[in-house]
Amino acid sequence: MKHLLGTRDLSREDAIRILDTTAQMSATQEREIRKLPTLRGRTVVNLFFEDSTRTRISFEAAAKRLSADVINFSAKGSSLSKGESLKDTALTLQAMGADAVVIRHWASGAAQRLADSGWMHGAVLNAGDGTHEHPTQALLDAFTARRHLVSDSEGKGLDGLTVAIVGDILHSRVAGSNVALLKTLGANVVVVAPPTLLPFGMAQREDISVYYTLDDALEAHDLDAIMMLRVQRERMTGGGSGFFPSPEEYTRLFGLDRARMDRMPDHAIIMHPGPMNRGLEISAEAADSPRSVIVEQVSNGVAVRMAALYLLLSGEEAPQ
Ligand code: CP
């Protein structure tokens with residue numbers, strides 16, 4: 001693997017290798033001294049053209065815990081606001097000796113463009129591109145689900161588990177990456193959304209079960225995990241708020257609340273990639289319940305990004 005651009009082209013073997021390496025990285029973070037010397041002398045650039053809290057901070061923490069030098073570069077306050085192109089930005093980063101570039105961009109395909117361009121030689125890690133892919137989010141979600149739901153999980157996928165992804169699938173790069181990775185790891189994927197918030201062709205897929213209310217999905221399946229998605233109002237251009245009649249109607253049909261949570265099997269977990277719209281797609285009671293692993297997802301984000309940087313920049317066995 002030279003880059004990490006998406007999960008659609010990630011083999012099962014590579015995905016499990018990243019999850020197993022994440023487990024090793026996570027174990028190192030339980031120690032008193034959490035810093036490893038592994039990437040000393042390497043430079044990681046965080047290139048963020050879109051806002052981020054979790055992904056940006058956890059990539060920075062991950063690179064620093066591996067002893068890499070980190071350069072944080074956000075579009076706001078840079079020469080991008082003077083019209084500098086992605087190409088000239090990449091050439092500048094290459095001239096500064098970047099070994100890896102973590103890129104978040106509003107355009108779907110931006111990470112692939114950077115990787116294919118030849119403008120720079122380092123590894124490219126996609127930290128979210130438009131509505132397309134967010135591979136490290138899907139990997140940290142899979143790692144969190146595996147840790148809770150699969151015993152003796154080393155070397156294993158998510159075979160036979162049933163995972164529901166609920167909400168604004170159309171605008172969600174998290175959903176795109178999760179559907180692909182969950183299938184690769186052997187899970188049954190259930191998708192729940194208003195018809196207006198489903199990507200073209202998804203309802204016709206035979207390898208996914210699609211529902212138009214959360215109650216119907218809960219009736220039909222014993223869900224092992226439920227991933228609630230943020231309603232991405234900032235991407236609802238053109239149709240405005242016309243994707244659903246009202247926030248109240250959305251919550252009534254797709255919101256996760258106490259009553260719906262109680263219909264899940266005892267072992268089932270609740271996930272959300274964040275940031276959450278509390279009271280819209282998820283109630284505070286569900287988000288803060290003992291079933292919720294939402295905060296743990298954030299912690300696991302550091303370990304999965306350590307694993308990704310390590311595997312792309314080192315190529316050795318993970319440190320014990
Ligand atoms: N889940 C996620 O990508 O969050 P941020 O936008 O805060 O990075």
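**Notes on the predicted model: a buried serine, the cores and the ligand site**

1. Let me start with Ser177, which counts as buried at 0% relative accessibility; buried means under 20% relative accessible area, exposed over 50%, and partly exposed in between (1.4 Å probe, protein chains only). Ser177 lies in helix 6, and helices here are DSSP runs (H or I, at least four residues) numbered from the N terminus. Not counting residues up to four places away in sequence, Ser177 touches Thr7, Glu133, His134, Pro135 and Ala138, where contact means heavy atoms within 4.5 Å.

2. A word on the ground rules: this is a predicted model, in which local features need pLDDT of at least 70 and side-chain atom pairs count only at pLDDT 80 or more, while totals for chains, interfaces and linings use all residues. Residues are numbered from 1 along each chain as its sequence is written, and side-chain values use heavy atoms, with hydrogens and water left out.

3. Helix 6 (residues 173–184) also holds Lys183. Unlike a buried residue, Lys183 is partly exposed, with a relative accessible area of 27%. Leaving aside neighbours within four places in sequence, Lys183 is in contact with Val189, Arg205 and Asp207. The C-alpha atoms of Lys183 and Asp207 are 8.4 Å apart, with the two positions 24 residues apart in sequence numbering.

4. On to the nonpolar cores, meaning sets of buried Ala, Val, Leu, Ile, Met, Phe, Trp, Tyr and Cys residues joined through side-chain atoms within 4.5 Å. The largest has 66 residues, and Leu158, Ile165, Ile169, Val191 and Leu309 have the most contacts inside it. Helix 11 (residues 294–313) gives the most to this core, with 11 residues. This core lies between domain 1 (12–133 + 298–313) and domain 2 (135–294), because both give residues to it; the domain bounds come from an automatic or database assignment.

5. Ile169 has contacts beyond four places in sequence that include Ala175, Val191, Leu197, Met202 and Leu229. A second, separate core of 28 residues includes Val190, Leu214, Leu256 and Ala287.

6. Finally, the ligand. Around it are Ser52, Thr53, Arg54, Thr55, Arg104, His134, Gln137, Pro273 and Gly274, each with a heavy atom within 4 Å of it. Among the polar contacts (pairs of N or O atoms within 3.5 Å), one ligand oxygen atom is 3.0 Å from a polar backbone atom of Arg54. A ligand oxygen atom is also 2.9 Å from a side-chain N or O atom of Arg104, and a ligand nitrogen atom is 3.2 Å from a backbone N or O atom of Gly274. The protein covers 91% of the 250 Å² of accessible area that the ligand has on its own, by the Shrake-Rupley method with a 1.4 Å probe.

Note on methods
Helices (H or I, at least four residues) and strands (E, at least two) are DSSP runs, numbered from the N terminus. A polar contact is a pair of N or O atoms within 3.5 Å; within protein, one must be able to donate a hydrogen and the other to accept it, and residues adjacent in sequence count only if both atoms are side-chain atoms.
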